[in-house]
Amino acid sequence: MPEKLQLSRNNYNKNILNKSLLTITRNKLKTASLKENKLKINISKTNIPRVNKLLAPCLLAIMLIVSGCGNTDSIDDYATNDITSNTTNNIKNNVTSDTTGSSQDTEQSQQSSSSSESVKGIPKEDIKIGILYLADPSEGDGYSYTHDLGIQGMQNNLAIPDGQVIRKTNIDDTDDSVAAKAIDECIEEGCNIIFTTSWGYMDITEQKAEQYPDVYFFHGTGYKSNGKNFSNYFGRIYQARYLSGIVAGMNTKSNKIGYVAAMDSSNSEVTGGIDAFAIGVDAVNPDATIYVKVTNSWYDPVKEKSASRKLLDMGCDVMAQHCDTPYPQTMAQERGCYGIGYNSDMEKDTPDSCLCSVIWNWSAYYTSVVESIIDGTYNGGNYYGGMEEGLVDITRLADFCVEGTEEKVAEERAKILSGEFNVFDGEIETNTGEIVGSQGSTLDDGTITGGINWYYKNVKVAD
């Protein structure tokens, strides 16, 4: 993923700029357009420092005046809307007609390409999209917020107005009746594409896809699909987690690193991320230990705050997370510790402590899949992209990272992108002394998404 130049910092200048959209990339000499006005902006330097918050509103205001702005459909945070022809092709090439093999799903898995039915395109003006969010994206941080940035990016790229998008917020993913009601309401309002963005929506999404065969359903994370009107999408977030582990391992002083986790080891999505992070830490600092505190909830501000306090009280001086609120980051900054953000760039909340953030560029996926339905190329396949496709990455490292951090991250990033290193390579020792994997091999996608139910050797679960 190209590094992004963040010019607008969430609530800082949201009202001043009327949430007008600006997307700027700074990867070599890429250009970006401002909504429909085709204003081209060239960034010629690859190592531009973070923009001073006091200058950002002025710069954006000048650009918006020149471009004749007036649009209110916007992305007001880290610009995750970098869609180039190369990115789009990578997304499409990484959509498979077969479902991702998962040890958790023997009944639903492996739909062959011959089972995918041909799709008749839907005119763009007839598209209506429903999205189920676990939390409220307007809170400005976390998982739902990042997905909504991607939806906004897709709207911008395909010129789909707000009137064709229905957002359902604060939908409990532990109660199928609540999710079912939200999906039914979307369909009653005319939605023919529905995205359910949280793991817990998986079973009800599967049921609704069977009930409504003419509606396209896409489930974020999870592992189920039917090869027809129900697909899942996720990414190789473990690649970015590994890089962030290197950052944490090189910057801890106490050798105690905290990790607030939504779910325990029974959930492979969360556990795989912890293990990839732990492998990254171990690669540069074998003396460090990762202490995991589990909340058993995808979104629970009270538990996430309590877990963060517990880990900081234990002496953890770097805080990472797989949870929805920024509490691990904000509480780390209050204690004078470091943080590794997740989902969106959390430097905006904790500028004095955020070493980097593990981020998603959901706009790349949402744009591609909606476009495939419009042009009739959707094949019913699942999506599982990574850094190569521009779906996941880490943000620019903080200036206060210890010397050598940037160079080590760049070295390991190159190995991942070249295919030389795949994080879960060779024999892997768990924290119970067992060995997973084998010499000369790497864990397959099915195991990574559905079969990692163990912790790496340097991980301890906090009481």
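**Reading a helix, its strands and two unusual phi values**

Mentor: Start with strand pairing: S8 and strand S14 (residues 382-385) pair in the parallel sense over three bridges. Within that pairing, Phe 234 stands opposite Tyr 384 in S14. Keep in mind that this is a predicted model.

Trainee: Which strand does S7 pair with, and in what sense?

Mentor: S7 runs parallel to S8, and four bridges join them. Here Phe 218 stands opposite Ser 231 in S8.

Trainee: How many residues of S8 are buried?

Mentor: Buried means under 20% relative accessible area. Six of the six residues of S8 meet that, so S8 is largely enclosed by the rest of the structure. Look at both faces: Phe 230, Asn 232 and Phe 234 point one way, while Ser 231, Tyr 233 and Gly 235 point the other way, and all are buried.

Trainee: What is the overall setting of the chain?

Mentor: The chain has twelve helices and 18 strands. Of its 463 residues, 60% count as buried. Among contacts between residues at least 6 apart in sequence, 70% join residues at least 24 apart.

Trainee: Turning to helices, what span should H4 have?

Mentor: The span is estimated from a rise of 1.5 Å a residue. For the 13 residues of H4 (residues 176-188) this gives 18 Å, and the end C-alpha atoms are 18 Å apart, which agrees.

Trainee: Which residues of H4 are buried, and which are exposed?

Mentor: The buried residues of H4 are Ala 179, Ala 180, Ala 182, Ile 183, Cys 186 and Ile 187. They lie on the same side of H4, because they cover an arc of only 160° around the axis. Lys 181 and Glu 188, on the other side of H4, are exposed.

Trainee: What do the buried residues of H4 pack against?

Mentor: Their partners are strand S4 (129-132), strand S5 (165-168), strand S6 (193-196), helix H5 (202-211) and strand S7 (216-220). After H4 comes Gly 190, which has a positive phi near 100°.

Trainee: How many bridges pair S4 with S5?

Mentor: There are four, and the pairing of S4 and S5 is parallel. From S4 the chain crosses through helix H3 (residues 142-158) to S5, and this β-α-β crossover is right-handed. As a point of register, Leu 132 stands opposite Lys 168 in S5.

Trainee: Helix H5 was one of the partners of H4. What does Thr 205 in that helix touch?

Mentor: Leaving out residues up to four places away in sequence, Thr 205 touches Thr 196, Phe 217, His 219 and Phe 230. The side chains of Thr 205 and Thr 196 are joined by a polar contact of 2.9 Å. Thr 205 is buried, with a relative accessible area of 0%.

Trainee: Why is a positive phi worth a second look?

Mentor: Because most residues other than glycine have a negative phi. Ala 159 is not a glycine, yet its phi is positive, at about 55°. Thr 221 also has a positive phi, near 70°, and is a residue other than glycine.

Trainee: Where are Ala 159 and Thr 221, and are they buried or exposed?

Mentor: Ala 159 lies in the loop between H3 and S5. At 37% relative accessibility, Ala 159 counts as partly exposed. Thr 221 is found in the loop between S7 and strand S8 (230-235). With a relative accessible area of 2%, Thr 221 is buried.

Key
Residues are numbered from 1 along each chain as its sequence is written. This is a predicted model: local features need pLDDT of at least 70, side-chain atom pairs count only at pLDDT 80 or more; totals for chains, interfaces and linings use all residues. Side-chain values use heavy atoms; hydrogens and water are left out. Helices (H or I, at least four residues) and strands (E, at least two) are DSSP runs, numbered from the N terminus. The expected span of a helix is 1.5 Å times one less than its number of residues. Buried means under 20% relative accessible area, exposed over 50%, partly exposed in between (1.4 Å probe, protein chains only). The arc is that of the directions from the helix axis to the C-beta atoms. Contact means heavy atoms within 4.5 Å. A polar contact is a pair of N or O atoms within 3.5 Å; within protein, one must be able to donate a hydrogen and the other to accept it, and residues adjacent in sequence count only if both atoms are side-chain atoms. Two strands pair if DSSP finds at least two bridges between them. A crossover is right-handed if, with the strands pointing away from the viewer, the path from the first strand over the helix to the second runs clockwise.
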